[in-house]
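Me: Please take a close look at one part of this model, the smaller partner and the place where the two chains meet. I would like one connected account.

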Amino acid sequence: MDTLTLLLDGFASALTPQNLAFCAVGVLLGTFVGVLPGIGPAMAVALLLPLTFGLEPTQSFILFAGIYYGGMYGGSTTSILLNTPGESASVMTAIEGNKMAKKGRAAQALATAAIGSFIAGTIGTLLVAFFTPGLARVAVNIGAPSFFAIMLFSLVLVTAVLGSSKLRGFIGLAIGLTIGLVGLDLSTGQARLTGGVLQLADGIDIVVVAVGIFAIGEAMWIAAHLRRAPLDVIPVGRPFMSREDWSRSWRPWLRGTALGFPFGALPAGGAETPTFMSYVLERKLSRRSDEFGHGAIEGVAGPEAANNASAAGMFVPLLALGLPVTATAAVLLAAMRTYGIVPGPTLMADQPDLVWTLLASLLIGNTLLLAINLPLAPLWAKLLRIPRPQLYAGILFFASLGAYAVNQSAFDVALLLVFGAVGFAVRRFGIPLLPLILGVIIGPLMETKMREALDLSNGAISGLFNEPLAIFVYLLILLALVVPTVLSRVRGPVPHPVSNESEVS
Amino acid sequence: MADTAAPRTEPVEVDRAQYGLAAVLALVGLWTIIDARGLNVGFGDPIGPRVFPYVVGASMIVLAVLLAVATARGDVAQGEEGEDVDLTSPADWVTVGKLAGILVLNVLLVNVLGWAVTGGLLFAGCAWALGSRTLVRDLVVGVVMAAATWYFFYVGLDVPLAPGILDGVL
């Protein structure tokens, strides 16, 4: 019950009129930016990061809580009303959602997505509140060798198990790790990979990296392949659901939540797997499985709930271990660091009020989102018709502004363009973004832990293996690498991380 | 590791640009290792700042070689898809070049002219490069956005962006 009291305290500090206003602004901005075609949640958070520069940490976290869930929801609106999904997690939503919209049931598709997101987000956030403190207490005692192993585990999962090409995944990871190396070595103060450029000594601001790769890279890539014939946007009225829609939706919402949360909380990265599994599960369980592929509401309700539950689950490793597992989490972690707040096992103990306020604001933001989105859906749908030249010009404008505002230096904007070029190349060559951005963030943390562990063992490599937990995690890594390969030999490629499925077969 | 991604956009032939990527990656890996060689390992520091860059740089070179091999075997990159992306048409380098030029111009001029001016030009210029033909309207919108964001950062967030030639006017 301790958790409940703390959460209520969090509500008490989040529910001031001013903070509520911040949360509402965050939800509106997040949805606004998330709905815009071509902008996913990670890019939305990265683009809106500079807005928080003048704010207190608490207020900026509240703003971000709103932006995060708003951006997630905005993405699903886009994929339902246009027939191409913006990010991989929305692929499943797009399949049935767009079919529903074409049959004139856009309103119901948006409603089941919104309400499913709300339910999944609320349950997910509550689970975060109940799991994180315990995990953080355990995590405080995790030694450097095990921490190193866990970080390696999450990078391997993201790189090798998700995504279609392992080679490209590892290339993305290596690029990210190289970017993470730039700057002064933390313990000896020597410059690495700066090429003598003084502005690089402090390392590369992660805001600049994220905005460059997500915003500039994406805008340039789209500019190179801009669809000249506009997509048709399906008009939508005020979302509502009939009694039948409700009865077909509530079970998929709950099942989607149950699938999504653990996948978000494990360092398995992202919502792709749970949304896919949820879709398959709903198709199997539905009494009208013939409707799947032609706009079945279960196929929107389940994956959308899984998507949002995993978006909530991601806060468990982020807050308890300081380990981001999605691109958006990486950007959030960077945002926290600009305030000198380092998420990790000690954050729960050092600044509990901050964490609980954040969790409370996530719940509030989720509620506001439902209240705002259902009535405003027709308005959001209009955003999809925004003329593309002005839309992408606007993205380039705000990206440049964001990078410039970090230090008011033109050098940062030049650096932004360099990372924009990297982002373009990465898209051209089909290299996944997630390992890259996680490499930038986790690389330096990994090096610190590795050196800590090896310092204790006086340089002997056994220092990395002298904890039972570390050895256990290395075994998991081995399994994660071997099992999918074996499975794909047996029956075609299956992009599943180590799940109980591997024990079954 | 042989990828069998369906080459929908490019004709069935070796993706030569991937050799270029492999070469760049190998050079970056090499530079990472050379750079790390120049670092001093302090007394009583068994690991030092070199090991991690060595590992990263060496992996990069290995990956570059693997990529080159995969390319020679006919591996083709599958470009990223998106709502407004049409991969069936070849890349439009003219537009990309114009945009890059405008962005670089902004970098060079932002401290001289100030954000309120270059921001407006940036927006209008990018919209023009992307095919907008309402230049006057774009300019008005751009200047209003640039001035508004300048005031927002200055008044709202206490972040003074460069005023440039409009110093004293704003």
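Reply: The secondary structure of chain B comes to 5 helices and 0 strands, where helices (H or I, at least four residues) and strands (E, at least two) are DSSP runs, numbered from the N terminus. Along the sequence the pattern reads α-α-α-α-α. This is a predicted model, in which local features need pLDDT of at least 70, side-chain atom pairs count only at pLDDT 80 or more, and totals for chains, interfaces and linings use all residues. Residues are numbered from 1 along each chain as its sequence is written, and chains are lettered from A and ligands numbered from 1 in the order in which they are written.

The radius of gyration of chain B (taken over C-alpha atoms) is 24 Å, well over the 15 Å that the globule rule (2.2 Å times the number of residues to the power 0.38) gives for 170 residues, so chain B is more spread out than a compact globule. Its C-alpha trace spans about 55 × 55 × 25 Å along the principal axes. Two domains are assigned in chain B, domain 1 (1–87) and domain 2 (93–166), with bounds from an automatic or database domain assignment. Their centres, taken over C-alpha atoms, are 35 Å apart. Of the 170 residues in chain B, 35% are buried, meaning that 20 or more other C-beta atoms, placed from the backbone, lie within 10 Å of a residue's own (exposed is 12 or fewer, partly exposed in between).

Chain A has 20 helices and 2 strands. Its radius of gyration is 22 Å, close to the 23 Å from the globule rule for 505 residues, so chain A is as compact as a globular protein of that length. Buried residues account for 63% of the 505 in chain A.

Now the meeting of the two chains. In contact here means C-beta atoms, placed from the backbone, within 7 Å; by that test 61 residues of chain A touch 68 residues of chain B. On the chain A side, the elements giving two or more residues are α7 (166–181), α8 (206–224), α16 (388–407), α17 (410–428) and α18 (433–456). The most come from α16(A), with 12 residues. That side of chain A divides into 33 nonpolar, 18 polar and 10 charged residues, with Ala, Val, Leu, Ile, Met, Phe, Trp, Tyr, Cys and Pro counted as nonpolar, Asp, Glu, Lys and Arg as charged, and the others, Gly among them, as polar.

The largest nonpolar core (buried Ala, Val, Leu, Ile, Met, Phe, Trp, Tyr and Cys residues joined through C-beta atoms within 7 Å) has 225 residues, and those with the most contacts inside it include A:V45, A:L396 and B:C126. Helix α5 (residues 91–140) of chain A gives the most to this core, with 22 residues. Domain 1 (1–87) and domain 2 (93–166) of chain B both give residues to the core, so it lies between them. Leaving aside neighbours within four places in sequence, B:C126 is in contact with A:Y392, A:A393, A:L396, B:L99 and B:I102.

A:V45 belongs to the buried residues of α3(A). In helix α3 (residues 41–48) of chain A, 8 of the 8 residues are buried, so the helix is largely enclosed by the rest of the structure. Its buried residues pack against α2 (17–35), α4 (57–81), α8, α13 (327–337) and α16 of chain A.

Key. Two residues are in contact if their C-beta atoms, placed from the backbone, lie within 7 Å.
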